[in-house]
Structure formats: structure tokens, C-alpha cells
Amino acid sequence: MAGQLWVTNSLGGFMYSDKLSRELRMAVQPSTKFRQVCDAKDATKSRNPEGGMLGKGDTFHWNIYSDVSTQGTTLVETSTMPETNFTITQGTLTVTEYGNSVPYTGKLDDLSEQPVREIIHKVLKNDAKNAFDIDAYKQFNSFLLRVVPSSAGTSLTAVTLTTNGTATATNNIALRNTHVKAIVDLMKERNIPPYINDDYVAIAWPTTFRSFKNDLESIHQYTNQGFTLIHNGEIGRYENTRFIEQTNIPKGGAADETASNPAGYTAWNSATSDWCFFFGEDTVAEGIVIPEEMRGKLPSDYGRSKGIAWYGLEGFGIVQSAAAQSRIVKWDSGV
């Protein structure tokens, strides 16, 4: 049985010993951020009185409507009214099962001084939130707009945009407030809609924002007085952008997913900066058929074999996949 056992100290025996502290201490956990900025589509029964996606297959669709083909303009009194049309494309995501479990023995449960089930609940909740944040990140990272500093990755003010999902140069400079201005201007001129009110959102590691925050401290305009933070990890607002720090997804560029590296990344050759996502509205959709929940295993072997699992049935997908309609710009590097 692969799980928690009384007979092995590191797997359960340490839950009871002489003078054992009753304080529960958990391993260090990162704070997850990407999932909170996904759009929850109406796939759940609670949001859809028709029953959501239960019993309706594993693919969730939504319509994307274009602008009209021909712009309206002035009319001549004797002319007929012009006619035009628009196109409809569909976005899709596929829902899948998520889950993990920890089995444990009845002997461990009976002899342990510390609450076995409570501890397993906590570690599984951490595991579940990390799993969903990693999959949300993968969708963010698949958008096609990338920016690097101009002048072979060294410009303090200008950025170069690519629209094929590949950065053109090695990023050799830290993210600065002048880069933020250039990226926000680029997003506005591409008519990327703001995420909330008139604001975009940016998310990155704390060290990615360090030089940027140092710049702003010197001109006293980082956090507006009276401004209310609304997202987990939000640290302030500048140039119509709200900034969120995260530490769950590793630093580095894109790479293949592995068991030890579920998000998929390789380190930047230059250690001066790291990735940062700037985005507006309609980015990544989350389709939820069965929200994540804790489930208990039916005891077997006459009550000697027990277990707890977390389970969810859902998925993530890009809302606007075409580069011309992309809502995410990634501060990136050719590594």
C-alpha cells in the first residue's frame, strides 16, 4: 500500500511520539494566482439553470463575434442603405478529470495523536490549488504576443513585439517603468480591452518587479492613495495596470512539461529579469463541470484501509486564440 503508514516514521509514525507538539506545521506553500484571473464560463449547474455541462460531453464551446465587415459611414439621401455582415468563430475547451489521493491505515488513524484526516485534507487542498494554477498558466503562456526590449534586448525604453509566440531576442535588462509604459501603450493601440474598469493586470515574480518598483519609489507614484486592492497578491497600480506577485509558477522560459517540472520552463540565460504577463479582458476560460471537492474512500479490508482524495472535472482554454485578437502580452526572452 503506497500511502500513510504507522510502521514507517516518515509516513506516519512521527504523528505520535513522547512530548509531541500539538501545533500543526505544514511545508512552505506558494501562493497561487493565475486561476483567479481566468473567466469562469457558465459550465456549472450553479451558474446555469439548465444543468451546466453535466451529461453533455467533454467539450465546452463559446461564440466569438467579429466586427462588421464594412464600416458604416455617411449616407446620401437618394442612395440605398448599405449592408454588411460579421463572422462568428467558436472557441472550445475540453474538460478532464483532475485528482490525487492519500491512503492511510486504520492503525495510523487509531494510534496517531495528531488528526490524520485534517492533515491529509490540508496537504490535498494545497495540491489541488497548485494543479489548477499550473494548468491556467499553461494557457496564458500559449498566447502569441511577445515583447522584448529593443536594441538586441538592451533598450531602457522601447520594446519589440512579435505575434507568432516566439521572442526574437535575448532579454538582457530588468523590467523598468519605461518598459511598462511602452507595453501598456502597445496594448491600448491594439484595442485590447481592459481587465477591470480602465485597468490591465500584470503578473510576475517579486524579483521581476524589483527594479520597476525601485523606479517608482523614487517618483512617489506606485500605489494611488485610497486605491483598493482586489486580487490576491496585488501590490499596486501604475499606468492603468494592476500588478500581482506570484511564486507558484517557476521562473524561466517555455519548455516541455515533465513530472518534476509540471509547468514546463527553462531558465533565462540572462539573470537580469524574468517573465511577466500583461493582459486585459477575455483571456483564459475555465469550464467547470464538477468543482474540486474532497472525497473519502470507502474503507476496505474490514476498515483497515482508508483514504482521502480531491477530485474535479473541469478544464481551461484560450478565449481569443488569434494573434490579432490576443488579450495577453508576455514580457519574454529568446532565452
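This note sets out points on helix H4, aromatic contacts, salt bridges and a surface patch in a predicted model.

1. Helix H4 covers residues 177-189, and its length is consistent with its residue count. At 1.5 Å a residue, its 13 residues should span 18 Å, and the end C-alpha atoms are indeed 18 Å apart. The buried residues of H4 are Asn-177, His-179, Val-180, Ala-182, Ile-183, Val-184, Leu-186 and Met-187. Just after the helix, Asn-191 adopts a positive phi of about 60°.

2. The count of aromatic pairs comes to 18. One of them joins Phe-140 and Phe-279, whose ring centres are 5.2 Å apart with planes at 70°; the pair is therefore edge-to-face, the cut-off being over 60 degrees. This contact links distant parts of the chain, since Phe-140 belongs to helix H2 (residues 116-140) and Phe-279 to strand S10 (residues 276-279), 139 residues apart. Phe-140 is buried, at a relative accessible area of 0%, and Phe-279 is likewise buried at 0%.

3. Trp-275 and Phe-277 form a tilted aromatic pair, with 5.3 Å from centre to centre and 55° between the planes. Both Trp-275 and Phe-277 are buried. These two residues belong to one aromatic cluster with Phe-34, Tyr-137, Phe-140, Tyr-195 and Phe-279.

4. The structure holds 15 salt bridges. In one of them, Lys-306 pairs with Asp-109, the closest N and O atoms being 3.3 Å apart. Lys-306 lies in strand S12 (residues 305-318) and Asp-109 in helix H1 (residues 106-111), so this bridge ties together parts that are 197 residues apart in sequence. Asp-109 is buried, with a relative accessible area of 17%.

5. A salt bridge also connects the side chains of Arg-242 and Asp-199, at 3.2 Å from N to O. Because Arg-242 is in strand S9 (residues 241-245) and Asp-199 is in the loop between H4 and strand S7 (200-204), the pair ties together parts 43 residues apart in sequence. Arg-242 is buried at 5% relative accessible area, and Asp-199 counts as buried at 3%.

6. Arg-304 and Asp-301 form a salt bridge with closest N and O atoms 2.5 Å apart. Here Arg-304 is exposed, at 54% relative accessible area, whereas Asp-301 is partly exposed, at 41%.

7. Arg-35 takes part in two kinds of contact. Salt bridges with shared partners join Arg-35, Glu-286, Glu-292 and Glu-314 into one network. The charged end of Arg-35 also sits over the ring of Phe-132, 4.3 Å from its centre.

8. On the surface, Tyr-65, Val-68, Phe-86 and Ile-88 form a nonpolar patch, together having about 420 Å² of accessible area. Of these residues, Ile-88 lies in strand S3 (residues 88-94).

Conventions:
Residues are numbered from 1 along each chain as its sequence is written. This is a predicted model: local features need pLDDT of at least 70, side-chain atom pairs count only at pLDDT 80 or more; totals for chains, interfaces and linings use all residues. Side-chain values use heavy atoms; hydrogens and water are left out. Helices (H or I, at least four residues) and strands (E, at least two) are DSSP runs, numbered from the N terminus. The expected span of a helix is 1.5 Å times one less than its number of residues. Buried means under 20% relative accessible area, exposed over 50%, partly exposed in between (1.4 Å probe, protein chains only). Patches are made of residues with over 30% relative accessible area and no salt bridge: like charges are joined within 9 Å, nonpolar side chains (Val, Leu, Ile, Met, Phe, Trp, Tyr) within 5 Å. Accessible areas come from the Shrake-Rupley method with a 1.4 Å probe; for residues, only the protein chains shown count as cover. A salt bridge is a side-chain nitrogen of Lys or Arg within 4 Å of a carboxyl oxygen of Asp or Glu. Rings of Phe, Tyr and Trp (its six-membered ring) pair if their centres lie within 6.5 Å; planes under 30 degrees apart count as stacked, over 60 as edge-to-face and the rest as tilted. A charge sits over a ring if NZ of Lys or CZ of Arg is within 6 Å of the ring centre and within 35 degrees of the ring normal.
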